[in-house]
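Good morning, colleagues. Please turn to the sequence and the structure on the screen, and I shall take you through the pockets and then the relation between the chains.

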Protein chains: 2
Amino acid sequence: MTFDPSTLSYDSNGLIPCIAQDHRSGEVLMLAWMNAEAVARTLQTRKVTYWSRSRRAFWVKGETSGYVQRLVDLRLDCDRDCLLAVVDQSGPACHTNRRSCFYTSVIEGDEVELMAPEG
Amino acid sequence: MTFDPSTLSYDSNGLIPCIAQDHRSGEVLMLAWMNAEAVARTLQTRKVTYWSRSRRAFWVKGETSGYVQRLVDLRLDCDRDCLLAVVDQSGPACHTNRRSCFYTSVIEGDEVELMAPEG
């Protein structure tokens with residue numbers, strides 16, 4: 001079955017959430033959003049490309065920082081309303097310079113920082 | 001820092017996406033949505049509890065199927081607008097009876113099924 005980005009389920013803003021997961025460690029790195037064109041560009045270029053909701057623009061991950069996400073595998077879920085990008089992440093994925101955006105854990109009611117910024 | 005669910009960033013419907021990841025395999029199982037009360041219930045009961053957008057009701061994962069998600073760790077991202085639930089998943093997470101909802105991969109432009117239903 002040929003894949004057509006327009007057959008995914010987008011929200012009322014035309015967006016679909018995309019989880020990025022490190023292909024080696026399995027670590028969940030971040031979640032960001034794509035529109036149909038970002039999905040198509042990601043597949044064409046193999047550079048993971050999101051839609052920045054704040055900047056209202058395409059966001060080729062790492063274009064500024066150099067910390068690109070090379071697409072290893074793009075998966076969709078059963079409802080076709082969420083994507084999982086398995087990626088080769090160069091450097092930290094998070095803008096705080098941490099490997100993953102999910103660096104805060106709720107432990108016994110408190111917020112605990114699990115990892116420090118790199119470098 | 002004491003964690004308060006109301007300090008998370010919710011969308012215009014009062015919801016936040018939550019990724020469920022298997023604590024042993026690291027596999028990404030599913031993505032669903034929580035409101036502040038679902039976050040609080042998840043932390044209190046350690047049974048992952050979503051908000052069903054279609055049924056407009058709390059959804060204790062596995063309450064009907066028996067395939068519960070026991071919370072191992074709840075994490076939040078840098079923007080406080082996405083959650084990662086690290087879980088102990090009993091049985092398949094997907095309603096199609098597959099281990100993960102992300103069982104379809106886009107390979108060279110085609111949709112390819114990566115895993116079959118269990119049992």
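Strand 2 of chain B gives the lining of the largest pocket its largest share, 4 residues. Please keep in mind that this is a predicted model. The elements that contribute two or more residues to this lining are strand 1 (16-22), strand 2 (28-34) and strand 3 (49-52), all of chain B. The pocket encloses about 990 Å³ of space. Its lining comprises 39 residues, and nearest the centre lie A:D81, B:L31, B:A32, B:W33 and B:R53. By character, the lining residues are 20 nonpolar, 10 polar and 9 charged.

The second largest pocket has a volume of about 670 Å³. Among the 29 residues lining it, A:M30, A:W59, A:K61, A:H95 and B:D79 are the closest to its centre. Here the largest share, 4 residues, comes from strand 2 of chain A. At least two residues each are supplied by strand 2 (28-34), strand 3 (49-52) and strand 4 (57-60) of chain A. This lining divides into 15 nonpolar, 7 polar and 7 charged residues.

How, then, are the chains related? A turn of 180° with a shift of 0.0 Å along the axis lays chain B on chain A with an RMSD of 0.0 Å. That is the relation of a two-fold axis. Within chain B, the residue closest to the rotation axis is B:G26, its C-alpha lying at 2.7 Å. Of the interface residues of chain B, 100% are also interface residues in chain A, so the copies meet through the same surface.

Finally, I turn to helix 1 of chain B, residues 36-45, whose buried residues are B:A38, B:V39, B:A40, B:T42 and B:L43. After this helix comes B:R46, with a positive phi near 60°.

Conventions: Residues numbered from 1 in each chain as written. Chains lettered and ligands numbered in written order. Predicted model: local features only at pLDDT ≥ 70, side-chain atom pairs only at ≥ 80, totals over all residues. Heavy atoms only, no water. Buried < 20%, exposed > 50% of the residue type's maximum accessible area, 1.4 Å probe, protein only. Least-squares fit on C-alpha atoms with pLDDT ≥ 70 in both. Contact = heavy atoms within 4.5 Å. 1 Å grid on protein atoms, 1.4 Å probe; cavity = no way out; pocket = protein on both sides within 12 Å on 5 of 7 lines; lining within 4 Å. Points joined across faces, edges and corners; volume = space filled by probe spheres on them. Nonpolar A, V, L, I, M, F, W, Y, C, P; charged D, E, K, R; others polar.
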